[in-house]
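Biologist: I'd like to learn how to read pockets and ligand contacts. Could you walk me through an example?

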Amino acid sequence: EKGGYDHFMIKEIFEQPRSIADSMRGRLNAAEAQLQLGGLSNYMDKLVAADRIVIVGCGTSWHAGLVAEYLFEELARVNVEVEYASEFRYRNPVIKENDIVIAISQSGETADTLAAIELAKSKGATIFGICNVVGSSIARASHAGAYTHAGPEIGVASTKAFTAQVTVLTLMALAVAKKKGTITDEVFERLLAELDNIPSKVNKVFESATKIKEIAFIFTYAKNFIYLGRGLNFPVALEGALKLKEISYIHAEGYPAAEMKHGPIALIDEDMPVVFLATKDSSYEKIVSNIQEVKARKGRVIAIVTEGDTLIPTMVDFVIEVPDTHEVLTPLLSVIPLQLLSYYIAVMRGRNVDQPRNLAKSVTVE
Ligand code: M6R
């Protein structure tokens, strides 16, 4: 059932062109510039009128929420707060009746996320569920929602569920933006066309798999890793670090690149691998100077760059290219090399990648 692969995780990583396409199928029609999210249509007016959106989730789903924060703010100009479900439920959160809560969960069974939405519901909020498992508890407890069509995810480390979540959240942000008129038709159409191209661009990232395996071999016995990114690539840095931690048991930290000089920079020496998310976007220049700061302290830099970048390869130890896309869609591509890097490192360390120690696929206890 692993379809010829050694592990579910690698099978699921390589399934992403399809799972992303499946999550758009019947919703996105790029040729006709049409976007439809059936599950949301009855609540579209509420979404458009909302003063703020609160997103709740745990782990990788929380990271997808952080990506969505950028998307909704940038495209739909709405205030967004992203909360760990476990923290949200035990505070006394200020929730008003016209608030929208988006719960993100692959399994739809995460206890803290379920409890968070029950709390928000009791205060009158409207709940949207973004779940992968059809008929799951969170899907049933939500007023409305949209399923991710990633297919069953067996590996404990979430991969294709993350990109499917980001895909659906992008569609949602775009639908709201279009309705609100916060983006031009031209940008809307360009983004739909770019989204349509993402599955084939993910396939292009896979062409770097051998190179990533070589890099993994070099860093197999690293004790620590730092992942740095800015803007939309900051949550990707968090996700890369989480993936490495959970399956290889290497200590890893994700950080916003600019925060580095407020503490973590003290960790940098010739033994510290630093993964930079350095794609050509609005923070490119800033990231370039962050890379210089790390190189000046002899850190070993692996940079995820946009295809054709000629500057960063002259500055760093290793580069992995991803195709160019519209800035807001970057996470769908930049996360892929990080999934592969953690997978190969974990395999080389002889870890049980599909079932890491101490972890369960869905955390149904708080
Ligand atoms: O099923 P959920 O999306 O609610 O699960 C949330 C987290 O438990 C999950 O993402 C976890 O962090 C994964 N092991 C990450 O790879």
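Modeller: Happily! The largest pocket here has a volume of about 510 Å³. On a 1 Å grid over the protein atoms alone, a pocket is an open set of points where a 1.4 Å probe fits, with protein on both sides within 12 Å along at least five of seven lines; lining residues have an atom within 4 Å of a point. The volume is the space filled by probe spheres set on the points. The model is predicted, so local features need pLDDT of at least 70 and side-chain atom pairs 80 or more, while totals for chains, interfaces and linings use all residues. Residues are numbered from 1 along each chain as its sequence is written, and side-chain values use heavy atoms, leaving out hydrogens and water.

Biologist: Which residues are closest to the centre of the largest pocket?

Modeller: Of its 23 lining residues, those are Cys58, Gly59, Thr60, Lys361 and Val363.

Biologist: Where does the ligand sit?

Modeller: A molecule sits in a pocket if more than half of its atoms lie within 2 Å of the pocket's grid points. By that test, the ligand is in the largest pocket.

Biologist: And how do I read polar contacts?

Modeller: With a ligand, look for a pair of N or O atoms within 3.5 Å. A polar side-chain atom of Glu246 is 2.4 Å from a ligand oxygen atom. A polar backbone atom of Ser158 lies 2.8 Å from an oxygen atom of the ligand, and a backbone N or O atom of Val156 is 3.1 Å from a ligand nitrogen atom.

Note on methods: A polar contact is a pair of N or O atoms within 3.5 Å; within protein, one must be able to donate a hydrogen and the other to accept it, and residues adjacent in sequence count only if both atoms are side-chain atoms.
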